[in-house]
Amino acid sequence: MISLTQAQPATVATDALVVVLARRPTDVPDGRTGPVPLGDVPDDVVRLVESSADVLGLTGDPDVVHRLPATRLRARSLVLVGAGAADTPESVRRAVGAATRTLTGLASAAVVLPDDEPATLAAAAEGALLGAYTYTRYRQGPEKDTAQRSGRPPLAEVQLLLGHRPTKTETRSVQRAQVLAEAVHAVRDLVNTAPNDLYPAAFAEAARAATKGVKGLKVTVMDPKALAAGGFGGLLGVGQGSARPPHLVKVTYSPARAKRSVALVGKGITFDSGGISLKPPADMDEMKSDMAGAATVLATVVAAARLGLPVAVTAWLALAENMPSGTAQRPSDVLTVHGGTTVEVLNTDAEGRLVLADALVAAVAEEPDLVVDVATLTGAQIVALGRRVAAVMGTDDARDDVVAAAAAAGESVWPMPLPEDLKPGLKSTVADLANVGERWGGMLLAGLFLAEFVGTTPWAHLDIAGPAYNAKDPYGYTPVGGTGMGVRTLVTLLESHG
Ligand code: BES
Ligand code: MN
Ligand code: ZN
């Protein structure tokens, strides 16, 4: 929970008073050293930072958090967190998130706002909430805790020290932050859920549960029978090796005053073993995150409804488990995607594009003004952009709109091309298309494959293979495990598409 308060930093009663530090600019030689505490910081704290910069090694570097016993404050402790140059809302979001992330088990914290810009308030609110996340479903209790993979509950309450009575705009900005953070947390929870608990039918149930009590949402679940009747050969082919059959879930939000409509399509492979084209064992566990796209579009449509955005949104969750077995599809199988396109499956590990093809055709048939798909689609995405930057491809305008929305939301998304001359690489000797071509440019080739199924609808494809899952150390507001990357971009995109 988060609240805005008039309380003052020196007198607020809290477990932890959070102060953001910026690196001291070197181009202003004022004789002082150490980082600069930002915002309306009590003089005692300023002096403390100056006098202890040396001994504590305070630099203002991002992701460095110091927690000290508080003196001359009502707070029980003082938390100093670096924000680097602190020159963007995202640097504030990360700094405040890094602070709240470390405060597990505490009841309350209060944040000194770095400045009085509206964007800073929003970023601080989002960062505080995004950092206050832990996943404890499978833990017996905090005594089983191991270092950073904390089993303790997240920080419970955050106050933002506004210094005046909040305006309507300020209150609304914090409410939006709360909705966004809950959406991001919902994605993280789904990604972190073990795949023995989150299989396609369970995911469909989770979608029903997530929409319960949210006004204006309707859920339709297509089970394997309905998929067979509708000719959804991609989902059925990918799912046929699993004892837990595929489902296609459609969640619609259609407010009366909507002028425009957006379809969101998510890859929901609840576990990707590769199938008969089996993946190597190393890191295969990370493939429980192969449903992050579906979780993202689900959380986004729920957030759109909760925010009452004036745009119609339909989320499509393409859910299947990709397993090797006696019933699994084989390399060289030919399947027929919804709408009739035939695909030769040359590699069963290129399964995401098969389930997405079905869902994209269904989504586009409803003639939305824009379709955006989100998928942990290719290892090549990670080769190209690493683990923290997502890729976006698509028709020019749609792609650029996603880049702009991501920039506004503080997420790292970079535009990538769809070179026509790679397309012959997807030729099959027997079917309309093959599901793989040569290795080089694999991310772009996957994008070109999807392009075959969107017709002339403005379309963007987000490949979040790297950023969706953080296998290593936490940073900023990003925990270990599911990250929820993409939700903020999509909600921001919908806000600009009303
Ligand atoms: N789910 C994977 C992509 C992936 C890899 C996501 C690593 C996150 C981390 C996808 O289904 C896959 O296996 N893609 C193959 C495609 C290849 C066979 C053309 C890949 O990228 O290796
Ligand atoms: Mn795969
Ligand atoms: Zn996959």
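Thr-5 is found in strand 1 (residues 2-5); helices (H or I, at least four residues) and strands (E, at least two) are DSSP runs numbered from the N terminus. This is a predicted model, in which local features need pLDDT of at least 70 and side-chain atom pairs count only at pLDDT 80 or more, while totals for chains, interfaces and linings use all residues. Residues are numbered from 1 along each chain as its sequence is written, chains are lettered from A and ligands numbered from 1 in the order in which they are written, and side-chain values use heavy atoms, with hydrogens and water left out.

At 12% relative accessibility, Thr-5 counts as buried (buried means under 20% relative accessible area, exposed over 50%, partly exposed in between, with a 1.4 Å probe and protein chains only). Not counting residues up to four places away in sequence, Thr-5 touches Gln-159, Leu-160, Leu-161, Leu-162, Gly-163 and His-164, where contact means heavy atoms within 4.5 Å.

Glu-351 is also treated here. Its place is in the loop between strand 13 (342-345) and helix 9 (352-365), and at 0% relative accessibility Glu-351 counts as buried. Leaving aside neighbours within four places in sequence, Glu-351 is in contact with Val-238, Lys-267, Ile-269, Asp-272, Asp-290 and Asn-322. Glu-351 and Gly-275 are 76 residues apart in sequence, and their C-alpha atoms are 8.7 Å apart in space.

Three residues with a positive phi are listed below.

| Residue | Phi | Place |
|---|---|---|
| Asp-283 | about 65 degrees | loop between strand 10 (261-272) and helix 8 (292-307) |
| Ser-332 | about 100 degrees | loop between strand 11 (312-322) and strand 12 (333-336) |
| Gly-410 | about 85 degrees | just after helix 11 |

Asp-283 is not a glycine, and neither is Ser-332. At 45% relative accessibility, Ser-332 counts as partly exposed.

Helix 11 has 14 residues (396-409), which at 1.5 Å a residue should span 20 Å, and its end C-alpha atoms are 20 Å apart, in agreement; the expected span is 1.5 Å times one less than the number of residues. The buried residues of helix 11 are Ala-398, Arg-399, Val-402, Ala-405, Ala-406 and Ala-409. Seen down the helix axis, these buried residues fall within an arc of 125 degrees, so they line one face of helix 11; the arc is that of the directions from the axis to the C-beta atoms. The face turned away from the buried side carries the exposed residues Asp-397, Ala-407 and Ala-408. Among the elements covering the buried residues of helix 11 are helix 2 (89-102), strand 14 (370-375) and helix 13 (487-495).

The largest pocket holds about 1000 Å³ of space. On a 1 Å grid over the protein atoms alone, a pocket is an open set of points with protein on both sides within 12 Å along at least five of seven lines, a cavity is a set where a 1.4 Å probe fits but cannot get out, and lining residues have an atom within 4 Å of a point. Of the 43 residues lining the largest pocket, Lys-279, Leu-377, Thr-378, Gly-379 and Ala-380 lie nearest its centre. Strand 10, helix 9, helix 10 (379-385) and helix 12 (442-451) each supply at least two residues of this lining.

The structure holds one cavity of 30 Å³ or more. The largest cavity has a volume of about 40 Å³, a volume being the space filled by probe spheres set on grid points joined across faces, edges and corners. Strand 5 (residues 77-82) gives the most to its lining, with three residues.
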